[in-house]
Amino acid sequence: MFFPIEVSDISELISNSIKNLIIEGKLKPGDKLPSERILAEKFNVSRNTLREALGNLRLLGIIETKRNDGNFVSLNLEKVFIEMLKFMFLLKGTRKDVFIFRKSIEVEATIDSVKNFTDEDLLELSEKLEKFKNTPEKDYEEIAKLDMDFHFKLISKCENYLMFTLYKAIYALITEFLNDSVKIMDKKLLDQHHEEMFNYAKVKDIKQLKKSLENHLEVVQEFNFEIN
C-alpha cells in the first residue's frame, strides 16, 4: 500500500498518498496507521518529514492521535468534511451566498429525494408539518428549527451523496439566519407554502412540487436579502 516518494514537496505528497488510500477504501475510518518508523521506511523519508505530513492530516481532522496508541483514521470523516465547509462559508460567505447556494441544490435534491419516499416518510413529513403549523408565531427560534426540519426531511432520501452532504454543511447556518428572518416573515404564508409542498410530495407531483419549492425559496431569499 505504501511506497517511496521521490518528488519535491514531500510532506504534502505523503499526506495526499494517505488521503488517496482512504478514498480508495484501503484505509477505513477507525483503522490504525502503521508506526511512524514503518511509515517513514515505506515512504523512504525522514521521521521529521513524515511527522509534518501526519500533522497536516491531523489539522484537517483526517487522522487522530491516541496517546501511547498511535495514529488512526478518523471515525467520522463526513463530519470533518461538513465542519470544514461550514468554516469556509463563515469565513468567506455571506447570508446572500448561503441562500443562493441553498436554492441551487435544494430543489434538485428534493426532486431526487421525494421520488424515493415511502408511506413512512410521508407520515414523518406530515408530523413535521403539523408541528410547524402549531408553533406560536412569536416562537421564532422554534419556527426556524422546525422549518429546516421539514426541508431536511424533504431531501432525506436524496441519492446524490454530494448534494446531500453539502446541504448538511449549510443546514445549521440557514437555521441560524432564519432565526432573524422569520421575525419579519408571514407565518401563515409559511404554513401555506409548507402544506402545499407536502400535498405535492404526497402524490409525487414532481413538477408542481418543484414549482412550489422554487417559489417558497425565492420568498425566503427576498426576506433574508433585506436583512443582509
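Here is a short dialogue on how to read some features of this predicted model.

Q: Let's start with helices. What describes two packed helices?
A: Two numbers do the job: the angle between the axes and the distance between those axes. Take helix α4 (residues 77-92) and helix α8 (residues 161-181): they pack at an angle of about 55°, and their axes are 9 Å apart. That makes α4 oblique to α8.

Q: Is the crossing of α4 and α8 left-handed or right-handed?
A: α4 passes α8 in a right-handed crossing.

Q: Which residues of α4 and α8 meet?
A: On the α4 side, look for E78, F81, I82, L85, K86, F89 and L90. Their counterparts in α8 are Y161, T165, L166, K168, A169, I170, A172 and L173. Sort that contact by class and you get 11 nonpolar residues, one polar and three charged.

Q: Can we try another pair? How do α1 and α3 pack?
A: Sure. Helix α1 (residues 10-23) packs against α3 at an angle of about 55°, with the axes 8 Å apart. The two are therefore oblique to each other, and α1 passes α3 in a right-handed crossing.

Q: What does the contact between α1 and α3 consist of?
A: From α1 come I10, S11, I14, S15, I18 and K19, and they meet T49, L50, E52, A53, L54, N56 and L57 in α3. By class, that is seven nonpolar, four polar and two charged residues.

Q: And what about α5 and α7, at what angle do they pack?
A: Helix α5 (residues 95-114) and helix α7 (residues 140-155) pack at about 55°, and their axes lie 7 Å apart. So α5 and α7 are oblique to each other too. Here R102, E106, A109, T110, S113 and V114 of α5 meet D147, M148, H151, K153, L154 and I155 of α7. The class count for this contact is five nonpolar, three polar and four charged.

Q: Now for strands. In what sense do β1 and β2 pair?
A: A handy general idea first: side chains in a regular strand alternate between the two faces of the sheet. In this model, strand β1 (residues 63-66) and strand β2 (residues 70-73) pair in the antiparallel sense, over four bridges. To find one of these on screen, start at T65, whose bridge partner in β2 is N71.

Q: What happens between β1 and β2 in the hairpin?
A: There are three residues between the strands, and N68 takes a positive phi near 60° there. N68 is not a glycine, despite that positive phi. At 80% relative accessibility, N68 counts as exposed, because the cut-off is over 50%.

Q: Where does N44 lie, and what is its phi?
A: N44 sits in the loop between α2 (36-43) and α3 (47-59). Its phi is near 60°, again a positive value in a residue other than glycine. N44 is exposed, at 56% relative accessibility.

Q: Let's follow β2 onwards. Is S74 buried or exposed?
A: The rule is that buried means under 20% relative accessible area. S74 has 4%, so it is buried. You'll find S74 in the loop between β2 and α4. Leaving aside neighbours within four places in sequence, S74 is in contact with P29, G30, G61, I62, I63 and E64.

Q: Which contacts does M163 make beyond its sequence neighbours?
A: M163 lies in helix α8. Skipping the neighbours within four places in sequence, M163 touches I105, E108, A109 and C158. M163 counts as buried, with 17% relative accessibility. For a sense of distance, M163 and L209 are 46 residues apart in sequence and 18 Å apart in space, C-alpha to C-alpha.

Q: One last residue: where is V219 found, and what is it in contact with?
A: V219 is found in helix α10 (residues 206-227). With a relative accessible area of 17%, V219 is buried. Setting aside neighbours within four places in sequence, its contacts are L189 and H193. You can also compare V219 with L178: 41 residues separate them in sequence, and 12 Å in space, C-alpha to C-alpha.

Conventions:
Residues are numbered from 1 along each chain as its sequence is written. This is a predicted model: local features need pLDDT of at least 70, side-chain atom pairs count only at pLDDT 80 or more; totals for chains, interfaces and linings use all residues. Side-chain values use heavy atoms; hydrogens and water are left out. Axes are lines fitted to C-alpha atoms, for helices over the stretch in contact, and angles run from 0 to 180 degrees between N-to-C directions. Angles under 35 degrees count as roughly parallel, over 145 as roughly antiparallel, 65 to 115 as roughly perpendicular and the rest as oblique. A crossing is left-handed if the near helix is turned anticlockwise from the far one by less than a right angle, and right-handed if clockwise. Contact means heavy atoms within 4.5 Å. Ala, Val, Leu, Ile, Met, Phe, Trp, Tyr, Cys and Pro count as nonpolar, Asp, Glu, Lys and Arg as charged, and the others, Gly among them, as polar. Two strands pair if DSSP finds at least two bridges between them. Buried means under 20% relative accessible area, exposed over 50%, partly exposed in between (1.4 Å probe, protein chains only).
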